[in-house]
Amino acid sequence: SGTTIRERNEYEHLRQNHPNMPKWIEEYWHGSVQSVMRAKLGVQHNGKKFSDLQRELYSSSQVVLIGVGLMSTLTLNPADRILSGGDCVYFISSKMNASE
């Protein structure tokens, strides 16, 4: 369900006190704090291509847009789809990035 500030601080403390920590532990921690989330798009995204919004979100906040949901279906990576405000999108992010 994402990371909390406390968890991030504990990890940073561990990293500082164990500079030779194995790479797999860092990779595991990074993956463990990611969550799949969904949000309703605002009207400011009307007319944007999915792939354009995907690049914009990743470059601004490392949020990975993965799909668009319509009622009971989820379409993964509809690159050429034109989005509308109110579309439900799915993305991968840490809880801290998603709140931005």
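The legends below accompany close-up views of a predicted model.

**Figure 1. Overall order of the elements in the predicted chain.** The chain contains four helices and four strands, and from the N terminus on these elements follow the order α-α-β-α-β-β-β-α. Of the 100 residues in the chain, 27% are buried. The accessible surface comes to about 6,900 Å², and carbon and sulfur atoms account for 54% of that area. Among the contacts with a separation of 6 or more, 65% join residues that are 24 or more positions apart.

**Figure 2. The largest nonpolar core.** Ten residues make up this core, namely Met37, Leu41, Phe50, Leu53, Val63, Leu65, Val68, Leu83, Val89 and Phe91. At least two of the core residues come from each of helix 3 (50-61), strand 2 (64-70) and strand 4 (88-94). The view also takes in the surroundings of Leu83, which, when residues up to four places away in sequence are set aside, touches Leu41, Phe50, Leu53 and Val68 as well as His45, Asn46, Gly47, Lys48 and Lys49.

**Figure 3. Strand 4 and its two pairing partners.** Strand 4 pairs with strand 1 (residues 34-40) in the antiparallel sense over seven bridges, and Val89 of strand 4 is the bridge partner of Ala39. Strand 4 also pairs with strand 2, again in the antiparallel sense, over five bridges. In this second pairing, Gly69 stands opposite Cys88, and Gly67 stands opposite Tyr90. Five of the seven residues of strand 4 are buried, so this strand is largely enclosed by the rest of the structure. In a regular strand the side chains alternate between the two faces of the sheet.

**Figure 4. Strand 2 beside strand 3.** Strand 2 and strand 3 are joined by four bridges in the antiparallel sense. Within this pairing, Val68 has Thr75 of strand 3 as its bridge partner. Val68 is also a member of the largest nonpolar core, and it is among the residues touched by Leu83.

**Figure 5. The buried and exposed faces of helix 3.** At 1.5 Å a residue, the twelve residues of helix 3 should span 16 Å, and the C-alpha atoms at its ends are indeed 16 Å apart, which agrees with that expectation. The buried residues of this helix are Phe50, Ser51, Leu53 and Ser61. Seen down the helix axis, these buried residues fall within an arc of 160°, so they line one face of helix 3. The face turned away from that buried side carries the exposed residues Arg55, Ser59 and Ser60. An α-helix has 3.6 residues a turn, so residues three or four places apart point the same way.

**Figure 6. Two residues with positive phi, Gln62 and Asn77.** Most residues other than glycine have a negative phi. Gln62, however, takes a positive phi of about 60° just after helix 3, and it belongs to the loop between helix 3 and strand 2. With a relative accessibility of 42%, Gln62 counts as partly exposed. Asn77 is not a glycine either, yet it has a positive phi of about 45°. This residue lies in the loop between strand 3 and strand 4, where Asn77 is partly exposed, with a relative accessible area of 44%.

**Figure 7. Ala79 and its contacts with the start of helix 3.** Ala79 is placed in the loop between strand 3 (73-76) and strand 4, and at 29% relative accessibility it counts as partly exposed. When residues up to four places away in sequence are not counted, Ala79 touches Lys49, Phe50 and Ser51; of these contacts, Phe50 and Ser51 are buried residues of helix 3. The C-alpha atom of Ala79 is separated by 9.7 Å from that of Ile66, and the two residues are 13 residues apart along the chain.

**Figure 8. Trp29 in helix 2.** Trp29 has its place in helix 2 (residues 23-32). With a relative accessible area of 18%, Trp29 is buried, because the cut-off for a buried residue is under 20%. Between the C-alpha atoms of Trp29 and Arg8 the separation is 9.6 Å, with the two residues lying 21 residues apart along the chain.

Methods
Residues numbered from 1 in each chain as written. Predicted model: local features only at pLDDT ≥ 70, side-chain atom pairs only at ≥ 80, totals over all residues. Heavy atoms only, no water. Core = buried A, V, L, I, M, F, W, Y, C linked by side-chain atoms within 4.5 Å. Buried < 20%, exposed > 50% of the residue type's maximum accessible area, 1.4 Å probe, protein only. Contact = heavy atoms within 4.5 Å. Pairing = 2+ DSSP bridges. Expected span 1.5 Å × (residues − 1). Arc of directions from axis to C-beta. Areas by Shrake-Rupley, 256 points an atom, 1.4 Å probe, with all protein chains shown as cover.
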